[in-house]
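Please walk me through this structure in the viewer, one selection at a time. Tell me what to select next and what is there.

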Amino acid sequence: MAKATTIKDAVKKLEEARGINSAEAEKIELYGQCPPIEKMDATLSTLKACKHLALSTNNIEKISSLAGMDSLRTLSLSRNLIKKVENVEAVAGTLEELWLSYNSIEKLSGVEKLPNLRVLYLSNNRIRDWGELDRLAGLEKLEDLLLVGNPLYNDARDANTIPEYRVEAIRRLPQLKKLDGIPVDVDERDQAAQARGGGAAGG
Amino acid sequence: DDAERDLAAAKPALDDALAALNQIRPADITSLKALKSPPDIVKRIFDCVLLLRYWPISPVSWQDVKGAMVIAGSFDVAVKMMGDMNFLTALLNFPKEQINDETVELLQPYFNAPDFNYDSARKASGNVAGLSNWAAAMCRYHEVAKVVEPKIAT
């Protein structure tokens, strides 16, 4: 089996291919490395200006080594082998978008440590319990959530109950503006408010 | 006005993509499904369709195809997708407004392969090659709309 690509190798390759200085670049594209990246490491701490770190389409098993990424707003780890959201405290002050579709995440503990999160993409993971969404309730800025392809979504799709699933999600997360790519509409918001027992539909 | 001109500039690409889809006949899909091992590029084209539709896909692995390293396709899932009688209609009606930046990033490693273009796909697989144009046009639409729509809204 081929050796994994290290972050250091991937950054060097990017600098050579694009003629950039990685310490000054706002977008660092390390997606789809061949052989895949397996580990995040301390090389990331040199990416001081990076706002968007693209590590999608690799074989990373664990989130780590984000310390020093002082400007990070978008962390893209889609299509990796990640099981949980951990070690994100270092970027909690800046992180606005977390892309994690196509991983193996079952539980959402850890996400609550990202108070500035606006966007959370989680399609095709293993989320099956409504209780996992409750962990996001304190994230006041969260407006865009993607859950397509999780058991929670697939069960509703197979039972033809997607409208009910949406209202239930919005009941738990009233701050959402978009769910599964579709804007939350006034009717859904009213139904969610009623289900919450607050009465005052539309109020 | 700039905004509307930008969006108008994306229109021909979208029209081309829909025209390419319209060239694909249900019989093309049927014969493709019957292949035990379709050309490698076809598998990768179908991965792009799976990703745009949020269908499941395997963890990434790479393989050597004629001296070039390319992503191994998740063709078993693609076959399932083609089993839907309405597959082509679903693509014609694809909700392109729902595409997000994450999906576009997931497609880049496929687009970056040197052989990933309509002509080589066409040689390998005939009409279904249109799906590669379709996937590229969907991404292009998203990139343009993302810049243009906030301008129209204000």
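Select residues 62-65 and 68-71 of chain B, the strands S1 and S2. They form a hairpin with two residues between the strands, and there Lys66(B) takes a positive phi near 50 degrees. This is a predicted model, and the phi value is read from its coordinates. Most residues other than glycine have a negative phi. The two strands of the hairpin pair in the antiparallel sense over four bridges. To see the register, pick two facing pairs: Val65(B) stands opposite Ala68(B), and Asp64(B) stands opposite Met69(B). In a regular strand the side chains alternate between the two faces of the sheet.

Now show the whole of chain B. Which elements does chain B have? Chain B has eight helices and two strands. Colour them from the N terminus and the order reads α-α-α-β-β-α-α-α-α-α. The radius of gyration of chain B is 16 Å, and the globule rule gives 15 Å for 154 residues, so chain B is as compact as a globular protein of that length. Turned along its principal axes, the C-alpha trace of chain B spans about 50 × 30 × 25 Å.

Next, hide chain B and show chain A. Chain A contains five helices and eight strands, and from the N terminus they follow one another as α-β-β-β-β-β-α-β-α-α-β-β-α. A compact globule of 203 residues would have a radius of gyration near 17 Å, and the 18 Å of chain A agrees with that. A box of roughly 60 × 35 × 25 Å, taken along the principal axes, holds the C-alpha atoms of chain A.

Stay on chain A and select its strands. Eight strands make an open sheet with mixed pairing, in the order S1-S2-S3-S4-S5-S6-S7-S8. Where are the edges of the sheet? The edge strands of chain A are S1 (27-29) and S8 (182-183), each of which pairs on one side only. Within the sheet, select residues 119-121 and 144-146 of chain A: these are strands S5 and S6, which run parallel and are joined by three bridges. One facing pair to pick here is Val119(A), which stands opposite Asp144(A) in S6(A).

Two backbone details in chain A come next. Select Cys34(A) and Pro35(A): a cis peptide bond joins them, with omega about -5 degrees. Pro35(A) is in the loop between S1 and strand S2 (52-54) of chain A. Then move to Asn160(A), which is not a glycine but has a positive phi of about 55 degrees. Asn160(A) sits in the loop between helix H3 (151-158) and helix H4 (162-172) of chain A. As a background to both stops, most residues other than glycine have a negative phi, and most peptide bonds are trans.

Finally, show both chains and select the residues where they touch. Chain A brings 28 residues to the contact and chain B brings 23 residues. About 2000 Å² is buried between chain A and chain B, and carbon and sulfur atoms give 59% of that area. Which three residues of chain A supply the most of the area that chain A buries against chain B? They are Tyr31(A), Arg79(A) and Tyr102(A), which together supply 34% of it, more than any other three residues. On the side of chain A that touches chain B, 13 residues are nonpolar, 13 are polar and two are charged. Across the interface of chain A and chain B there are zero salt bridges by the rule used. For polar contact, the rule finds 11 residue pairs across this interface, with both residues at pLDDT 80 or more.

Key: Residues are numbered from 1 along each chain as its sequence is written. Chains are lettered from A and ligands numbered from 1 in the order in which they are written. This is a predicted model: local features need pLDDT of at least 70, side-chain atom pairs count only at pLDDT 80 or more; totals for chains, interfaces and linings use all residues. Side-chain values use heavy atoms; hydrogens and water are left out. Contact means heavy atoms within 4.5 Å. Buried area is the accessible area (1.4 Å probe) that two parts lose on being put together, summed over both. A salt bridge is a side-chain nitrogen of Lys or Arg within 4 Å of a carboxyl oxygen of Asp or Glu. A polar contact is a pair of N or O atoms within 3.5 Å; within protein, one must be able to donate a hydrogen and the other to accept it, and residues adjacent in sequence count only if both atoms are side-chain atoms. Ala, Val, Leu, Ile, Met, Phe, Trp, Tyr, Cys and Pro count as nonpolar, Asp, Glu, Lys and Arg as charged, and the others, Gly among them, as polar. Two strands pair if DSSP finds at least two bridges between them. The radius of gyration is taken over C-alpha atoms; the globule rule is 2.2 Å times the number of residues to the power 0.38.
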